[in-house]
Amino acid sequence: LTSLRCAVQSASTAEEALPLLEREAEALDMVVSDVALGAGIRGTDLATMVSARWPRLGVVLMSGFAEELLGDATAQ
């Protein structure tokens with residue numbers, strides 16, 4: 001994304017991303033997240049939270065894992 005000259009804010013976990021979003025959401029256009037994210041809040045849950053709290057933000061979920069990890073997230 002940076003090579004495409006997009007400004008990027010990064011967080012290692014969803015738990016780190018949420019406070020960042022609270023501070024910066026108005027300046028952001030989208031959230032890109034892995035589906036699984038390891039321990040803690042999953043990317044699918046983060047996407048649901050972002051869509052509910054900041055509906056104007058686009059959310060892109062990506063992963064190297066199988067489609068079944070997405071569950072109902074693909075229906076949104």
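1. A word on terms before we start: contact here means heavy atoms within 4.5 Å. Please also keep in mind, as you turn the structure around, that this is a predicted model. With that meaning of contact, what covers the buried residues of helix α1 includes strand β1 (30-34) and helix α2 (43-53).

2. Now the overall plan. The chain has two helices and two strands, and along the sequence they come in the order α-β-α-β. There are 76 residues in the chain, and 22% of them count as buried. The accessible surface comes to about 5,300 Å², with 54% of that area belonging to carbon and sulfur atoms. As for how the chain meets itself, take the contacts with a separation of 6 or more: 62% of these join residues 24 or more positions apart.

3. Helix α1 is a good place to begin looking. This helix spans residues 14-24, and its buried residues are A14, A17, L20 and L21. Why do they sit on the same side of α1? They cover an arc of only 115° around the axis, which places them together on that side. There is a general point behind such spacing: an α-helix has 3.6 residues a turn, so residues three or four places apart point the same way.

4. Helix α2 can be read in the same manner. Here the buried residues are G43, T44, L46, A47 and V50. Their arc is only 155° around the axis, which puts them on the same side of α2. The cover over these residues includes α1, β1 and β2.

5. Which residues make up the largest nonpolar core? There are 11 in all: A14, A17, L20, L21, A25, L28, V31, L46, V50, W54 and L57. The elements that give two or more residues to this core are α1 and α2, and α1 gives the most, with four residues. If you would like one residue to follow through the core, try L21. Leaving aside its neighbours within four places in sequence, L21 is in contact with L28, V31, V50, W54 and L57.

6. The two helices are also linked by charge. The count of salt bridges comes to one, and the pair is R53 with E22, whose side chains meet at 3.3 Å, N to O. R53 lies in helix α2 and E22 in helix α1, so the pair ties together parts that are 31 residues apart in sequence. Are these two partners buried, partly exposed or exposed? R53 is partly exposed, with a relative accessible area of 47%. E22 is partly exposed too, at 49% relative accessibility.

7. On to the strands, beginning with S33. This serine is found in strand β1 and counts as buried, at 6% relative accessibility. Setting aside neighbours within four places in sequence, S33 is in contact with G43, L46, V60, L61 and M62. One of those contacts, V60, is found in strand β2. V60 is partly exposed, with a relative accessible area of 34%.

8. V60 leads us to the surface. Together with L1, L4, V8, M30, V32 and M62, V60 makes a nonpolar surface patch of about 650 Å². The elements that give two or more residues to this nonpolar patch are β1 and β2.

9. S63 is worth a stop as well. Its place is in the segment after β2 (58-62), and at 31% relative accessibility S63 counts as partly exposed. Which residues does S63 touch, apart from neighbours within four places in sequence? The contacts are D34 and V35. S63 and A36 are 27 residues apart in sequence, yet their C-alpha atoms are 7.5 Å apart in space.

10. Last, a backbone detail to check on your screen. Most residues other than glycine have a negative phi. R5 is not a glycine, but has a positive phi of about 65°. You will find R5 in the segment before α1. This arginine is exposed, with a relative accessible area of 80%.

Conventions
Residues numbered from 1 in each chain as written. Predicted model: local features only at pLDDT ≥ 70, side-chain atom pairs only at ≥ 80, totals over all residues. Heavy atoms only, no water. Buried < 20%, exposed > 50% of the residue type's maximum accessible area, 1.4 Å probe, protein only. Arc of directions from axis to C-beta. Salt bridge = Lys/Arg side-chain N within 4 Å of Asp/Glu carboxyl O. Areas by Shrake-Rupley, 256 points an atom, 1.4 Å probe, with all protein chains shown as cover. Core = buried A, V, L, I, M, F, W, Y, C linked by side-chain atoms within 4.5 Å. Patch = residues over 30% accessible without salt bridge, like charges linked within 9 Å, V, L, I, M, F, W, Y side chains within 5 Å.
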